[in-house]
Amino acid sequence: MLEIFERLALAAGREVMRVFHAGCAVDRKSDSSPVTEADRESEKIILAGLRAAFPDIPCVAEEEASAGIVPPDLDGAFFLIDPLDGTKEFVNRRTDFTVNIALIRHGVPEVGVVFAPCTGRFFSGLPGRAESLEIDGDYKIVGRRPISVRTAVAPLAVVASRSHNTPETEAYIRNLGAAEIVSVGSSLKFCLLASAEADVYPRFGRTMEWDTAAGDAVLRAAGGMTRTLDGQPLVYGKRRQSDDEDFANPHFIASA
């Protein structure tokens, strides 16, 4: 399954970069968030591949979900796909947007890949093994190395959202004391923790499950964890929530 995830992420990433270089119109969804041809074409590639390889595992993908297309039953395993996480970064010609594919099993992000096609950074994870992958100019994997979280030592390196910072996030970072701030967009924040490049990622702004699942899977594979503010592991497949829409995440802290 991980091999298929990696292959689909590379194919989707190639298409994302084609659109990035060619340029495209930016549309707005009902929640005013941006969506582009890159989002749609990437999602088509990933969904076609997953449904051909795993016809019995349902898929939840950001653009389909935005159109109201969601499987009725997600009690066991399902896929969570964000075909272009960091669309704002993409539109603003920044480089840290990503392609994300994850397997959720009983609420836990178990397998995941995060590919940043503009920079070539690629991370994968499954229980007990997280890796950083080296990609060549032809979108082929030419190297792998294992990664794991580090033991936090002051001053802490904190990753924060470039496009979605909040006063609560700033207050949390201040309370940590002296800290190095690494501002990066998209799900790469989880991967910086997984690869021992940062220590904590506080998120006091809105996210959806497809935003976090793949990066969270990589982080957990590397020995880290994502917890809600009451200390419980972040779970996936949240539906019929009394205080929010389906698949919306609460605030969380990701750390080693």
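In what order do the seven strands of the open sheet run? In this predicted model, the order is β3-β4-β5-β6-β7-β8-β9, with mixed pairing. The edges are taken by β3 (59-61) and β9 (141-146). Each has a single partner strand, so one side of each lacks a neighbour in the sheet. On average, neighbouring strands are turned by 20° against each other, direction ignored.

Within the sheet, β4 and β5 (residues 98-105) run antiparallel and are joined by seven bridges. Leu80 has Ala102 in β5 as its bridge partner. Helix α2 (residues 37-53) packs on the sheet and touches β3, β4 and β5. The direction of α2 makes about 155° with that of β4. Helix α7 (residues 209-221) lies across β3, β4, β5, β6 (108-116), β7 (121-126) and β8 (129-135). Its angle to β6 is about 100°.

Strand β4 (residues 77-85) contains Asp82. Asp85 lies in β4 as well. An unreviewed UniProt entry annotates Asp82, Asp85 and Asp211 as "binding site". These residues are spread over 130 residues of sequence, yet they cluster in space, with a largest C-alpha distance of 6.3 Å.

Asp82 counts as buried because its relative accessibility is 1%, below the 20% cut-off. Asp85, with a relative accessible area of 9%, is also buried. Beyond neighbours within four places in sequence, Asp82 is in contact with Glu62, Thr98, Val99, Asn100, Trp210 and Asp211. On the same basis, the contacts of Asp85 are Phe97, Thr98, Asn100, Ser186, Ser187 and Asp211. Thr98, Asn100 and Asp211 thus appear in both sets. The two aspartates of β4 are also linked directly: the Asp82 side chain reaches the backbone nitrogen of Asp85 at 3.4 Å.

Helix α1 has 21 residues. From first C-alpha to last, α1 reaches 30 Å, close to the 30 Å expected at 1.5 Å a residue. Gly23 follows α1 and has a positive phi, near 85°.

Phe20 is placed in α1 (residues 2-22). Its relative accessibility is 7%, so Phe20 counts as buried. Leaving aside neighbours within four places in sequence, Phe20 is in contact with Phe90, Arg93, Arg94, Phe97 and Cys118. Phe97 is also among the contacts of Asp85. Thr36 is 16 residues from Phe20 in sequence, and their C-alpha atoms are 9.9 Å apart.

How values were computed: Residues numbered from 1 in each chain as written. Predicted model: local features only at pLDDT ≥ 70, side-chain atom pairs only at ≥ 80, totals over all residues. Heavy atoms only, no water. Helix = DSSP H or I, 4+ residues; strand = E, 2+ residues; numbered from the N terminus. Buried < 20%, exposed > 50% of the residue type's maximum accessible area, 1.4 Å probe, protein only. Contact = heavy atoms within 4.5 Å. UniProt positions renumbered as here; feature names shortened; annotations may be inferred. Polar contact = N/O pair within 3.5 Å; in protein donor to acceptor, adjacent residues only side chain to side chain. Expected span 1.5 Å × (residues − 1). Pairing = 2+ DSSP bridges. Axes fitted to C-alpha atoms, helices over the stretch in contact; angles between N-to-C directions.
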